[in-house]
Amino acid sequence: MKSNDILMAGLKEAVAAGGVVAFTGAGVSAESGIPTYRGTGGFWTQYDPDKYAAIDYFLTDPSYYWSFFRDVRRDLLHKARPNPAHTALAEMERRGLLEAVITQNIDGLHQAAGSRRVIELHGSNRRFSCLDCGREYALAEAEAALEKELPPRCGECGGVLRPGIVFFGEMLPARAVDEAHDLARRARLLLVIGSSLVVYPAAQIPLIAKTSGARLALVNDEPTPADDLADWIVRGKAGEVMPELVREKPPA
Ligand code: APR
Ligand code: ZN
């Protein structure tokens, strides 16, 4: 691997050429204080995803998910702020270098950082709906219902509320998948940030981009299964690497 600064100079040049599409995972929000899923301290090292994140378990006993939301997720949603990695991506979009962010994250931090085109492949933890009548609930409304009872229920029909996230065992939103695949096929550079790339079908995106002629950059602090496909691998913290990619050269 070339030394980091030569590597970064090459990647910076590729970003400056535009046509970039970002694909992000939990690692991009780690420096905002949101634990990732895998690796040290990850959610799935403390909570069983088969109970907390699987649709069939949610339908049999929604209180598991809702107690996790009440005790862990809710605070993070309110406290977490975009970090320099999120803001660097919003800056890339502002400069017309980045088409969109395709994210697996459900935290809404890309939008909070100012990114306008964000495709949420795994939905959002800021949207909720009633399992029975489908009425939609914003975060504050779902929290108000949660204050009353767990699991929270719909004010219209008494049905149980569910989060607007994609549970394991559910299909990804078709429109988001189509848009993400189209972006990956047209990208000149796919910039993957903070994902272990082990959860499909989302993890297909880098391969779709690569096989459609894009170059591939991985910004991740650990190896991933896509490493041998990558044109650039930057080992490091997203919050440090990403601002580097958008830092303008000081005037000569
Ligand atoms: N900077 C860069 N990379 C980081 C950082 C950081 N500060 N912190 C962690 N990472 C890397 C980890 O090394 C890991 O490879 O980010 C990756 C996070 O991987 P996961 O925790 O598996 O998260 P993700 O890839 O987003 O998971 C995909 O799995 O549980 C489902 O639906 C959930 O969307 C999630 C999907
Ligand atoms: Zn209802």
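1. The largest pocket is the space taken by ligand 1. The model under discussion is a predicted one, and the points below concern its two ligand sites.

2. The shell of ligand 1 comprises 22 residues, the closest being Tyr 37, Arg 38, Ser 195, Ser 196 and Asp 221. By class, this shell divides into ten polar, seven nonpolar and five charged residues.

3. Several side chains place polar atoms beside oxygen atoms of ligand 1. For Ser 196, which is among the closest residues, the distance from a polar side-chain atom to a ligand oxygen is 2.6 Å. Trp 44 has a polar side-chain atom 2.8 Å from an oxygen atom of ligand 1, and the corresponding distance for His 122 is 2.9 Å. The ligand exposes 740 Å² when taken alone, and 94% of that is buried by the protein.

4. The second site holds the zinc ion (ligand 2), whose protein donors are the SG atoms of Cys 130, Cys 133, Cys 154 and Cys 157. These donors lie 2.2 to 2.3 Å from the zinc ion. Along the sequence, the donor residues follow the spacing C-x2-C-x20-C-x2-C.

5. What is the geometry of the zinc site? The site is tetrahedral, with angles of 97 to 118° among the four donor atoms. For reference, the ideal angle for four tetrahedral donors at a metal is 109.5 degrees. The assignment as tetrahedral holds because all angles must lie between 85 and 135 degrees, and those at the zinc ion run from 97 to 118°.

Notes. Residues are numbered from 1 along each chain as its sequence is written. Chains are lettered from A and ligands numbered from 1 in the order in which they are written. This is a predicted model: local features need pLDDT of at least 70, side-chain atom pairs count only at pLDDT 80 or more; totals for chains, interfaces and linings use all residues. Side-chain values use heavy atoms; hydrogens and water are left out. A residue is near a molecule or strand if one of its heavy atoms lies within 4 Å of it. A polar contact is a pair of N or O atoms within 3.5 Å; within protein, one must be able to donate a hydrogen and the other to accept it, and residues adjacent in sequence count only if both atoms are side-chain atoms. Accessible areas come from the Shrake-Rupley method with a 1.4 Å probe; for residues, only the protein chains shown count as cover. On a 1 Å grid over the protein atoms alone, a cavity is a set of points where a 1.4 Å probe fits but cannot get out, and a pocket is an open set with protein on both sides within 12 Å along at least five of seven lines; lining residues have an atom within 4 Å of a point. A molecule sits in a cavity or pocket if more than half of its atoms lie within 2 Å of its grid points. Ala, Val, Leu, Ile, Met, Phe, Trp, Tyr, Cys and Pro count as nonpolar, Asp, Glu, Lys and Arg as charged, and the others, Gly among them, as polar. Donors are N, O and S atoms within 2.8 Å of the metal (3.2 Å for Na, K and Ca); water is not among the atoms, so sites may look incomplete. Four donors count as tetrahedral if all angles lie between 85 and 135 degrees; four count as square planar and six as octahedral if opposite donors are over 155 degrees apart and all others between 65 and 115; anything else is irregular.
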